[in-house]
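Hi,

Here is the structure I said I would pass on to you. Have a look at it first, and my notes on what turned up follow underneath.

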Amino acid sequence: MKLVSYLADGTSYVGILGEDGIQRLDTDVSMRDLIASGEIPSASDVTDTLDHVTLLPPLMPEKILAIGRNYVEHARELNNEVPSQPLVFAVMPSAIIGTGDTIEWENDLTEQVDWEGELAVIIGKTARRVSADDALDYVFGYTVANDVSARDLQSSDKQWVRAKGLDTFCPIGPCIVTADDIANPHDLTIVTTVDQVEKQNGSTANMIFKIPFLIEYLSRAFTLNPGDMILTGTPSGVGKAMKPPQFLTTGSVVSIEIDGIGKITNTCQEL
Ligand code: MG
């Protein structure tokens, strides 16, 4: 099932994305509250056509945990060591935007804005000290994310809070695919294009630390709540690794697609 959050006639709804449009769900709660409730409400008899709605970020997470350098080729392309344990950082929830929204930044803050296409895991129920064997029972679903990164701030700040957390730096969407519809989250292809030129084409099969292990690892440190999100790292092909390096600028259009989930597209604007 593909779940979306969207605006129709100025009101926000949650619905099921299908080929003929969006079947509105019979609820007035947010996606996060819906996930926390443990059940998906029945559909109303209203169907909204896609040209009539604005897709919103499918979810506003309370907590976003992210894993750096979780693909060998990506660690190597930036001359970093392959980590022996997950490199964990956090992204500000205020960085979330949806597909179609604008990624923007102040030029005097950063001039090295880069893309990172990633699979995002959405937690479905409270997880604390969960074993890897049980971990997938705690997954509600999956979405597509762009872990937009200000490389100059990432280098100069040491901590990555600003580099990864600037407003608009975490586009997600277009939908959440429920876990029962993803046969194997480690058999998905991530493709990133910038201005329709392919930059990244990787498989989630190549994650160093797989999702069950990450949930075990993270839930030893933090209580994971329904609707919390884990960014699982990016494959190789980021702009900083290009020769010469390439970065996003005003007018750049960056798309990230994961098969079985969908595609997010965002245009960039320097301020
Ligand atoms: Mg990343």
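A good place to start is Ile-16, which sits in strand β2. Bear in mind throughout that this is a predicted model. Ile-16 has a relative accessible area of 18%, and since the cut-off for buried is under 20%, Ile-16 counts as buried. What does Ile-16 touch, once its neighbours within four places in sequence are set aside? The list runs to Met-1, Lys-2 and Leu-3 on one side of the numbering, and Gly-21, Ile-22, Gln-23 and Leu-25 on the other. To get a feel for distances, try Asp-133: from Ile-16 to Asp-133 is 117 residues in sequence and 30 Å in space, taken C-alpha to C-alpha.

Next, the pockets. The largest pocket holds about 270 Å³ of space. Its lining is made up of 19 residues, and those nearest the centre are Arg-69, Leu-78, Asn-80, Gln-154 and Trp-160. Sorted by class, that lining comes out as 8 charged, 7 polar and 4 nonpolar residues. Which elements each supply at least two residues of the lining? They are β6 (64-68) and α4 (151-157), and α4 gives the most, with 3 residues.

The second largest pocket has about 220 Å³ of space. Here 16 residues form the lining, with Ser-5, Val-14, Val-29, Ser-30 and Met-31 nearest the centre. Two or more lining residues come from β2 (11-18), and likewise from α1 (31-37). You will have met β2 already, as the strand that holds Ile-16. By class, the lining of this second pocket has 9 nonpolar, 4 polar and 3 charged residues.

Last, have a look at helix α6, residues 211-221. Its buried residues are Ile-211, Pro-212, Leu-214, Ile-215, Leu-218 and Ser-219. Seen down the axis of α6, these buried residues fall within an arc of 155 degrees, so they line one face of the helix. The spacing helps here: an α-helix has 3.6 residues a turn, so residues three or four places apart point the same way. And what do the buried residues of α6 pack against? The strands are β6, β7 (87-91), β11 (117-123), β12 (139-146) and β17 (229-231), and there is also the helix α3 (132-135). β6 therefore turns up twice in these notes, as a packing partner of α6 and as a supplier of lining residues to the largest pocket.

Enjoy looking around!

Best wishes

Methods:
Residues numbered from 1 in each chain as written. Predicted model: local features only at pLDDT ≥ 70, side-chain atom pairs only at ≥ 80, totals over all residues. Heavy atoms only, no water. 1 Å grid on protein atoms, 1.4 Å probe; cavity = no way out; pocket = protein on both sides within 12 Å on 5 of 7 lines; lining within 4 Å. Points joined across faces, edges and corners; volume = space filled by probe spheres on them. Helix = DSSP H or I, 4+ residues; strand = E, 2+ residues; numbered from the N terminus. Nonpolar A, V, L, I, M, F, W, Y, C, P; charged D, E, K, R; others polar. Buried < 20%, exposed > 50% of the residue type's maximum accessible area, 1.4 Å probe, protein only. Contact = heavy atoms within 4.5 Å. Arc of directions from axis to C-beta.
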